[in-house]
Amino acid sequence: MTEPVASPEDPWVKGRGSDGLLPCSVPQVESVYSDNSQDPDDEDSDYHQESYKESYKDRRRRAHTQAEQKRRDAIKRGYDDLQTIVPTCQQQDFSIGSQKLSKAIVLQKTIDYIQFLHKEKKKQEEEVCTLRKDVTALKIMKVNYEQIVKAHQNNPHEGDDQVSDQVKFSVFQGLMDSLFQSFNASISVSSFQELSACVFSWIEEHCKPQTLREIMVSVLHQLKNQLY
């Protein structure tokens, strides 16, 4: 029985060697597998990479959420501290009743309280400045009195020849009597406007330094004649 002869164009015959084998058949099958299938290790690698990316995004989102929560907690603690420190925030505001103070009200009350403290500080600084001036003046007076006391102790009989208080009062009385006589003769009290005009006119005429000097000389002469 004779075997059928294969045609050279038969696809199963093409590529046979001298020994009748198909050396290219196995690589062709491997090529098919390599083209149409994926390596399981590559699938695992893609899965792990995708999982890593998702976990990284989750960590970033979680860190951002925590940072935002910390920021809000810090702001809340700050407002709570302001309400505790600022006295006006603790006073009851009947316009809002028992409602919790809003952040805007807390800030406004804090600003008002700071401005009040600045005014109080300025007022206290002015008072301290005035007190320092008073202390300086008192120190000067103290030094002057110490010098007077020291001079009196060195010369205990120095004041025996001084003018008495009665003589001083007599000189003052004579001066005032002379001024009152001129004042009474020059001033009219029929109206306030006329009184004001007369007062200024009397001061310009009878209270000039030269006039006062003449009055004082006359008073001293009279007093000298009375004493001696």
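A residue counts as partly exposed when its relative accessible area lies between the buried range, under 20%, and the exposed range, over 50%. Asp80, at 28% relative accessibility, is therefore partly exposed. The structure described here is a predicted model. Its chain has seven helices and zero strands, and this briefing considers the overall fold, the charged pairs, the aromatic pairs, a surface patch and several individual residues.

**Overall architecture**

- Along the sequence, the elements follow the pattern α-α-α-α-α-α-α.
- The chain has 228 residues, of which 9% are buried.
- The accessible surface of the chain amounts to about 20300 Å², and carbon and sulfur atoms contribute 56% of that area.
- Among contacts with a separation of 6 or more, 40% are between residues 24 or more positions apart.

**Salt bridges in helix α2**

- Five salt bridges are found in a search of the whole structure; the following bullets describe some of these.
- Lys76 and Asp80 are joined by a salt bridge between their side chains, with an N to O distance of 3.2 Å.
- Because Lys76 and Asp80 are four residues apart in helix α2, about one helical turn separates them.
- Lys76 has a relative accessible area of 47% and is therefore partly exposed, and Asp80, as stated above, also falls in the partly exposed class at 28%.
- Elsewhere, Glu68, Arg71 and Arg72 are joined into one network by salt bridges that share partners.
- In the bridge between Glu68 and Arg71, the closest N and O atoms are 2.6 Å apart.
- Helix α2 comprises residues 40-85, and Glu68 and Arg71 are three residues apart within it, so they are separated by about one helical turn.
- The side chains of Glu68 and Arg72 also form a salt bridge, at 3.4 Å from N to O.
- Glu68 and Arg72 are four residues apart in helix α2, which is about one turn of the helix.
- The accessibility of the network members can be stated residue by residue: Glu68 is partly exposed at 23%, Arg71 is partly exposed at 45%, and Arg72 is exposed at 52%.
- Arg72 is classed as exposed because its relative accessible area of 52% is over the 50% cut-off.

**Aromatic pairs**

- A pair of aromatic rings is described by the distance of the centres and the angle of the planes.
- The count of aromatic pairs in this model is two.
- In one of them, the ring centres of Phe183 and Trp202 are 5.0 Å apart and the ring planes meet at 85°, so the arrangement is edge-to-face.
- This pair links distant parts of the chain, since Phe183 belongs to helix α5 (residues 165-186) and Trp202 to helix α6, with their positions 19 residues apart.
- Trp202 is buried, its relative accessible area being 11%, whereas Phe183 is partly exposed at 28%.

**A nonpolar surface patch**

- Leu138, Met141, Tyr145 and Ile148 make up a nonpolar patch on the surface, and together they have about 450 Å² of accessible area.
- Ile148, one member of the patch, lies in helix α4, which spans residues 103-154.
- With a relative accessibility of 54%, Ile148 counts as exposed.

**Thr110 in helix α4**

- Thr110 is also located in helix α4.
- This residue is buried, because its relative accessibility of 10% is under the 20% cut-off.
- Leaving aside residues up to four places away in sequence, Thr110 touches Leu82 and Val86.

**Helix α6 and Ala197**

- Helix α6 covers residues 192-206, and Ala197 is placed within it.
- Ala197 has a relative accessible area of 47% and is therefore partly exposed.
- The C-alpha atom of Ala197 is separated by 8.8 Å from that of Ile187, a residue 10 positions away along the chain.

**Cysteines and disulfides**

- A disulfide is a covalent bond between the sulfur atoms of two cysteines.
- The structure contains zero disulfides.
- Cys89 is buried, with 8% relative accessibility.
- Cys198 is likewise buried, with a relative accessible area of 17%.

Notes
Residues numbered from 1 in each chain as written. Predicted model: local features only at pLDDT ≥ 70, side-chain atom pairs only at ≥ 80, totals over all residues. Heavy atoms only, no water. Disulfide = S-S within 2.5 Å. Buried < 20%, exposed > 50% of the residue type's maximum accessible area, 1.4 Å probe, protein only. Helix = DSSP H or I, 4+ residues; strand = E, 2+ residues; numbered from the N terminus. Patch = residues over 30% accessible without salt bridge, like charges linked within 9 Å, V, L, I, M, F, W, Y side chains within 5 Å. Areas by Shrake-Rupley, 256 points an atom, 1.4 Å probe, with all protein chains shown as cover. Salt bridge = Lys/Arg side-chain N within 4 Å of Asp/Glu carboxyl O. Phe/Tyr/Trp six-rings, centres within 6.5 Å; stacked < 30°, edge-to-face > 60°. Contact = heavy atoms within 4.5 Å.
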